[in-house]
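Here is a short tour for someone meeting this structure for the first time. Have a look at it, then read on.

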Amino acid sequence: MLSWALVFLVVALIAGLLGFTSIAGAAVGVAKILFFVFLVLFVVSAIMHMVRGRSV
């Protein structure tokens, strides 16, 4: 998921450099959404790992 966010960020940067502002804006929006979804899933996973714990 994080890799898709980075791909959309790169697409947005390239589109912005070439002057395609509407495409760049849309790609930035998608990249932000994917990043925050990744962040939420990561935090939930980390909390579940701490709660469940692992015994050696």
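A quick word on terms before we start: a residue counts as exposed when its relative accessible area is over 50%, as buried when that value is under 20%, and as partly exposed in between. Keep in mind, too, that this is a predicted model.

With that in hand, let's go to helix 1, where Leu13, Leu17 and Leu18 are exposed on the side away from the buried residues. The buried ones in helix 1 are Ala5, Ala12 and Ala15. Looking down the axis of helix 1, you would find its buried residues within an arc of 90°, so they line one face of the helix. As a bit of background, an α-helix has 3.6 residues a turn, so residues three or four places apart point the same way.

What covers those buried residues? Part of the cover comes from helix 2, residues 21-52. It works the other way round as well: helix 1 is part of what covers the buried residues of helix 2, which are Ala24, Ala27, Ala31 and Leu34.

Here are the two helices side by side.

| Helix | Residues in helix | Span between end C-alpha atoms | Expected span |
|---|---|---|---|
| Helix 1 | 17 residues | 25 Å | 24 Å |
| Helix 2 | 32 residues | 46 Å | 46 Å |

So for helix 2 the span agrees with what 1.5 Å a residue should give, and helix 1 comes out close to its expected value.

Each helix is followed by a glycine with a positive phi. Just after helix 1 sits Gly19, with a phi of about 95°, while Gly53 follows helix 2 with a phi near 65°.

Leu34 deserves a closer look. This residue sits in helix 2 and is buried. Which residues does Leu34 touch, if you skip its neighbours within four places in sequence? The answer is Met1, Trp4, Ala5 and Phe8. Ala5 is itself one of the buried residues of helix 1. Further along the chain, Ala46 lies twelve residues from Leu34, and their C-alpha atoms are 18 Å apart.

Now for the outside. A nonpolar patch on the surface has about 1,100 Å² of accessible area together, and its members include Leu2, Leu6, Phe35, Phe42 and Met50. Both helices chip in, with at least two residues each, but helix 2 gives the most, with eight residues. Leu13 belongs to the patch and is among the exposed residues of helix 1. Another member is Ile47, found in helix 2. Ile47 is partly exposed, its relative accessible area being 44%.

Terms used
Residues numbered from 1 in each chain as written. Predicted model: local features only at pLDDT ≥ 70, side-chain atom pairs only at ≥ 80, totals over all residues. Heavy atoms only, no water. Helix = DSSP H or I, 4+ residues; strand = E, 2+ residues; numbered from the N terminus. Expected span 1.5 Å × (residues − 1). Buried < 20%, exposed > 50% of the residue type's maximum accessible area, 1.4 Å probe, protein only. Arc of directions from axis to C-beta. Contact = heavy atoms within 4.5 Å. Patch = residues over 30% accessible without salt bridge, like charges linked within 9 Å, V, L, I, M, F, W, Y side chains within 5 Å. Areas by Shrake-Rupley, 256 points an atom, 1.4 Å probe, with all protein chains shown as cover. Salt bridge = Lys/Arg side-chain N within 4 Å of Asp/Glu carboxyl O.
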